[in-house]
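Q: Take a close look at one part of this structure and work outward from there. Keep it brisk, and tie each step to specific residues.
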Amino acid sequence: MCSKNRPKIANYLKCYIILETDFLKLPLDEFILQCYEAGARAFQLRNKYKTARENYLIGLEIKKILNNKDALFIVNDRVDLAIVLEADGVHLGVKDIPAKVVKEKYPNLIIGYSCNTESDIRYANDIPADYIGIGPAFQTNTKEDLRPVLSKDDYINLIKKANMPAVAIGGIKGYNISNFNNIEIDGFAISSYICASKKPFEKVKEILSFYNG
């Protein structure tokens, strides 16, 4: 488990990999190492359609791959898995166990929270969450319970009201991140665009180019 200085958590979120392992065209270890070597520093285990046991075993493998590396390991939705895997954190939304309760019981667990409205932002501020995912930015097929797609003005408004780092999520591609020019976004959470690529190193570099020039 990698304990991080929370005020600096934004440094880890510039290219945040949302792992759906069924998408992978490479072995998991090769995929994660390519992403890491390219500069990705946060990995979230999502795998919506796998059992808890399957995700536990995959989580063990991810932890082994990231061992002694300067990266965050986050688990989506499942507080129980995050705890037994000794992950750095858990990412929660409006349908999950209340994030504020999780924060109170596990204060050392990094809490990410999904936001789509001003009400979500107020709740995230109240938790307080360590970072938020704001979206969806674009239409995406990786989630079935999609909330309304947000405009550029929506992002500007919600980020201004948030007290923590924010990443954009939902349909992010290398060719559409330019939509976030002049928006103070801390990072991009990306699933299929990178996970389904045979060259994840190049895709991560493409996303990070938003920040590197």
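A: What follows starts at one strand and moves outward to its neighbours and to some helices.

The model is predicted. The part chosen is strand β3, residues 72-76.

Start with the frame. Eight strands close into a barrel. Their order is β1-β2-β3-β4-β5-β6-β7-β8, and the pairing is parallel. From one strand to the next, the twist averages 25 degrees. β3 sits between β2 and β4 in that order.

Now the strand itself. Five of the five residues of β3 are buried, so the rest of the structure largely encloses this strand. In a regular strand, side chains alternate between the two faces of the sheet. Both faces of β3 are covered. On one side are Leu72, Ile74 and Asn76, and on the other are Phe73 and Val75. Each of these residues is buried.

Next, the two edges. Strands of a sheet pair through backbone hydrogen bonds, in a parallel or an antiparallel sense. β3 pairs in the parallel sense with strand β2, residues 42-45, over four bridges. One bridge joins leucine 45 to its partner in β3, valine 75. β3 also pairs in the parallel sense with strand β4, residues 89-92, over three bridges. Here asparagine 76 has histidine 91 in β4 as its bridge partner.

What lies beside β3 in strand β4? Glycine 89 is one residue there. Its relative accessibility is 0%, so glycine 89 counts as buried; the cut-off for buried is under 20%. Glycine 89 and isoleucine 74 are 15 residues apart along the chain, with their C-alpha atoms separated by 4.7 Å. Beyond residues up to four places away in sequence, glycine 89 touches Phe73, Ile74, Val75, Ala82, Leu109 and Ile110. Among them, Phe73 and Val75 lie on one side of β3, while Ile74 lies on the other.

Step to the β2 side. Leucine 45, the partner of valine 75, also meets a helix residue. Asparagine 55, in helix α2, touches Leu45. Further contacts of asparagine 55 include Arg46, Asn47, Lys50, Leu81 and Leu85; residues up to four places away in sequence are not counted. Asparagine 55 is buried, with a relative accessible area of 6%.

That leads to helix α1, residues 28-38. The buried residues of α1 are Leu28, Phe31, Ile32, Gln34, Cys35, Tyr36 and Ala38. They pack against two strands, β1 (15-19) and β2. They also pack against three helices: α2 (52-66), α7 (192-195) and α8 (200-212). Glycine 39 follows α1 and has a positive phi, near 125 degrees.

How do α1 and α2 pack? Two packed helices are described by the angle between their axes and the distance between the axes. For α1 and α2, the angle is about 45 degrees and the axes are 10 Å apart. That makes α1 oblique to α2. Their crossing is right-handed. From α1, Leu28, Asp29, Ile32 and Leu33 take part. From α2, the residues they meet are Ile58, Glu61, Ile62, Ile65 and Leu66. By class, this contact has seven nonpolar, no polar and two charged residues. Leu28 and Ile32 are also among the buried residues of α1.

A second helix pair is worth setting beside that one. The axes of α5 (residues 118-126) and α6 (residues 152-161) come within 9 Å and cross at roughly 25 degrees. That makes α5 roughly parallel to α6. This crossing is right-handed. Glu118, Ile121 and Asn125 in α5 meet Asn157, Leu158 and Lys161 in α6. The residues of this contact divide into two nonpolar, two polar and two charged.

Finally, a look at another strand of the barrel. Alanine 168 lies in strand β7, residues 166-169. Alanine 168 is buried, with a relative accessible area of 0%. Leaving out residues up to four places away in sequence, alanine 168 touches Ile134, Tyr155, Phe180, Ile185, Gly187, Phe188 and Ala189. One of these, Tyr155, falls within the residue range of α6, 152-161. The C-alpha atoms of alanine 168 and asparagine 68 are separated by 28 Å, at 100 residues apart along the chain.

Back to the start: β3 is buried on both faces and pairs with β2 and with β4.

Conventions
Residues numbered from 1 in each chain as written. Predicted model: local features only at pLDDT ≥ 70, side-chain atom pairs only at ≥ 80, totals over all residues. Heavy atoms only, no water. Axes fitted to C-alpha atoms, helices over the stretch in contact; angles between N-to-C directions. Parallel < 35°, antiparallel > 145°, perpendicular 65-115°, else oblique. Left-handed = near helix turned anticlockwise from the far one by under 90°. Contact = heavy atoms within 4.5 Å. Nonpolar A, V, L, I, M, F, W, Y, C, P; charged D, E, K, R; others polar. Buried < 20%, exposed > 50% of the residue type's maximum accessible area, 1.4 Å probe, protein only. Pairing = 2+ DSSP bridges.
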